[in-house]
Number of protein chains: 2
Amino acid sequence: MEVVHTIADLQSRIKAYRRRNDQAVGFVPTMGFLHEGHASLMNKARSQCGLVVLSIFVNPLQFGPGEDFERYPRDAERDLAVAEAAGVDLVFMPSVSEMYPSPTRTTVSVSDVTTRLCGASRPGHFDGVATVVSKLFHIVQPDQAFFGLKDAQQVAVIEQMVQDLNMPIEIVPCPTLREADGLAMSSRNVYLSPEERQQALVLSQSLQIAKEYIQSKSSQGFTSTELASLVRAHIETAPLAVVDYAEVLSYPTLEPFDHSHSISSLIIALAVKFGKTRLIDNLILQVRK
Amino acid sequence: MEVVHTIADLQSRIKAYRRRNDQAVGFVPTMGFLHEGHASLMNKARSQCGLVVLSIFVNPLQFGPGEDFERYPRDAERDLAVAEAAGVDLVFMPSVSEMYPSPTRTTVSVSDVTTRLCGASRPGHFDGVATVVSKLFHIVQPDQAFFGLKDAQQVAVIEQMVQDLNMPIEIVPCPTLREADGLAMSSRNVYLSPEERQQALVLSQSLQIAKEYIQSKSSQGFTSTELASLVRAHIETAPLAVVDYAEVLSYPTLEPFDHSHSISSLIIALAVKFGKTRLIDNLILQVRK
């Protein structure tokens, strides 16, 4: 495994690989502090691609004022061990000035799918995501890029961008990984106090409750409003939980729906704060029509 | 020369070329109704690249409401003859639905260099340009792309986008071509009545006057305001001319400057309406400091 810090070094290595090989180049963009969820993306890339490139870059552009850019957890040494174990070939760890040598004047914006959920809670966040992913895609020029569905709206944004801008890249969405007790894996879980960590189980529990409710109602149908209320009510049983949003939308269009809409998939999406820590989770379900 | 109408057909041909050749792929994006200015871009591409790709696409996204999208001049047959004569290998002529199968939700925006000139006169224009050029770059994946400096602000926007988004493409700006009497070549010149065509000479004349003024003042210096006034005064000697803008800015940053700024290049940029027809022209000058 090689670790490079500059765009020039990365590109010369990928170019050399491309000259000698016809196999796909797979790319896993991350913000580091890698956990098993990230490792599952690297494993997937390893199984499908000849060259696996991992990027570790905490992108200031996608953090709003007052968000956790400065304190976002970082551990380069452990990250490199995780990457090595997952069979990554090339790790790209650029500095902020390597990625933004001058303030960027170019922004990639995706509308509609960014109207709700984190797009509403974190203004500018998805512009920052789309812009940096666009940069990374141009730098790496992968055949496939792997993203975790814990950030389902991010996946929808990237897929929309790739489709609209004709980017020659296949996006591979990968399932959310969970701790044994159900908590979705996230780099931000380390922020939680033991008490918050315990109460944070209401996120995955509420999704499970929603799933069972849908199954029990399969013959009569259900409304997105009653489903959202059910989820919110369970989250609010945790005294430390402050709901940012708990919504039921069509997927991947991320729009409200009712019985008059014929949708094929829905998402139950949650963002909940415990103290200063904001956690997200979701469940995507096929709807039988 | 081959003519293709779909992205899939274009890409299979470029891919086949790349497999057998190491030479550069050159790209000339146009809106058609080709004139000698366009031909000079194709000639330049021919001299530098192994494969020359021309696109002809009148992009609705870069026309505002009330602008001339519908009546923009089109002549596919003559365009193909011009392309063939210039040694183009591959012409891409997509339909609007091939380029935009559904309404695009993704926009590429460039700030700062779009604040003034056509960016101010034509809101949304450069978003449309940056977005479609981004799409075309991803579709063609050229090594070099050729743009005419008659659209100097467009060149500045594309260069900024390529730099900010790390697009792996070299932008080659090419000089404006002029008719024998000085009028800058433009597809829109066909709109002009004989009287308007005659009076439109004030554009290039005013740039010439400005150039001579700068040369005469080289020892004393000059202000951008006096230069802009001089240019505007000459344009207004044409009874049919309505000045949209006549500005003197730094180049390629396109910002106002005065004696306290140390600039290396300036642009004198004009947009003038004759009836419904809007013409632009400019002169870029190195400034001795």
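**Strands, interface and local geometry of the two chains**

In the predicted model, strand β3(B) is covered on both of its faces, with Leu51(B), Val53(B) and Ser55(B) buried on one side and Val52(B), Leu54(B) and Ile56(B) buried on the other. In a regular strand, side chains point alternately to the two faces of the sheet. The strand spans residues 51–56 of chain B, and six of its six residues are buried, so that β3(B) is mostly covered by the criterion of under 20% relative accessible area. Its partner is strand β2 of chain B (residues 25–30), which pairs with β3(B) in the parallel sense over six bridges. Within this pairing, Thr30(B) is placed opposite Ile56(B).

In chain A, strand β6 (residues 144–148) is likewise described by its burial. Four of the five residues of β6(A) are buried, and the strand is therefore largely enclosed by the rest of the structure. Two strands of chain A pair with β6(A). Strand β2 (residues 25–30) of chain A runs parallel to β6(A), with two bridges between them, and Phe27(A) faces Ala145(A) across this pairing. Strand β7 (residues 170–174) of chain A is also parallel to β6(A), and here five bridges are found. In this second pairing Phe147(A) stands opposite Pro173(A).

The two chains are in contact with each other. Chain B contributes 27 residues to the contact and chain A contributes 27 residues. The extent of an interface is often expressed as the accessible area that is lost when the parts come together. Between chain B and chain A this buried area is about 2,300 Å², with carbon and sulfur atoms giving 45% of it. Two salt bridges are counted between the chains. One of them joins Asp112(A) to Arg105(B), with a distance of 3.7 Å between the closest N and O atoms. In addition, 15 residue pairs are in polar contact between chain B and chain A, both residues being at pLDDT 80 or more. On the side of chain B that touches chain A, the elements giving two or more residues are β5 (106–110), α6 (125–140) and α7 (152–164). The residues on that side of chain B comprise nine nonpolar, 13 polar and five charged.

Strand pairing also links the two chains. Strand β5 of chain A, formed by residues 106–110, pairs with β5(B) in the antiparallel sense over five bridges. Thr106(A) is positioned opposite Val110(B) in this arrangement.

Asp112(A), which takes part in the salt bridge with Arg105(B), is located in the loop between β5 and α5 (118–121) of chain A. Its phi angle is near 65 degrees, a positive value in a residue other than glycine. With a relative accessible area of 32%, Asp112(A) is partly exposed, because this value lies between the limits of 20% and 50%. A positive phi, near 55 degrees, is also found at Asn166(B), again a residue other than glycine. Asn166(B) belongs to the loop between α7 and β7 (170–174) of chain B. Its relative accessible area is 17%, and Asn166(B) is therefore buried.

Cis peptide bonds are present in both chains. In chain A, such a bond joins Tyr251(A) and Pro252(A), with omega of about 5 degrees, and Pro252(A) is situated in the loop between β8 (241–250) and β9 (265–274). In chain B, a cis bond joins Tyr251(B) and Pro252(B), also with omega of about 5 degrees. Pro252(B) lies in the loop between β8 (241–250) and β9 (265–274) of chain B.

Two helical residues of chain A were examined individually. Ser224(A) is part of helix α10, which covers residues 224–235 of chain A. Its relative accessibility is 12%, so Ser224(A) counts as buried. The side chain of Ser224(A) reaches the backbone oxygen of Phe257(A) at 3.1 Å. When neighbours within four places in sequence are left aside, Ser224(A) is in contact with Val248(A) and Phe257(A). Gln198(A), in contrast, counts as exposed because its relative accessibility is 53%. This residue lies in helix α8 (residues 194–199) of chain A. Gln198(A) is separated from Glu170(A) by 28 residues in sequence and by 38 Å in space, C-alpha to C-alpha.

Conventions
Residues are numbered from 1 along each chain as its sequence is written. Chains are lettered from A and ligands numbered from 1 in the order in which they are written. This is a predicted model: local features need pLDDT of at least 70, side-chain atom pairs count only at pLDDT 80 or more; totals for chains, interfaces and linings use all residues. Side-chain values use heavy atoms; hydrogens and water are left out. Contact means heavy atoms within 4.5 Å. Buried area is the accessible area (1.4 Å probe) that two parts lose on being put together, summed over both. A salt bridge is a side-chain nitrogen of Lys or Arg within 4 Å of a carboxyl oxygen of Asp or Glu. A polar contact is a pair of N or O atoms within 3.5 Å; within protein, one must be able to donate a hydrogen and the other to accept it, and residues adjacent in sequence count only if both atoms are side-chain atoms. Ala, Val, Leu, Ile, Met, Phe, Trp, Tyr, Cys and Pro count as nonpolar, Asp, Glu, Lys and Arg as charged, and the others, Gly among them, as polar. Two strands pair if DSSP finds at least two bridges between them. Buried means under 20% relative accessible area, exposed over 50%, partly exposed in between (1.4 Å probe, protein chains only).
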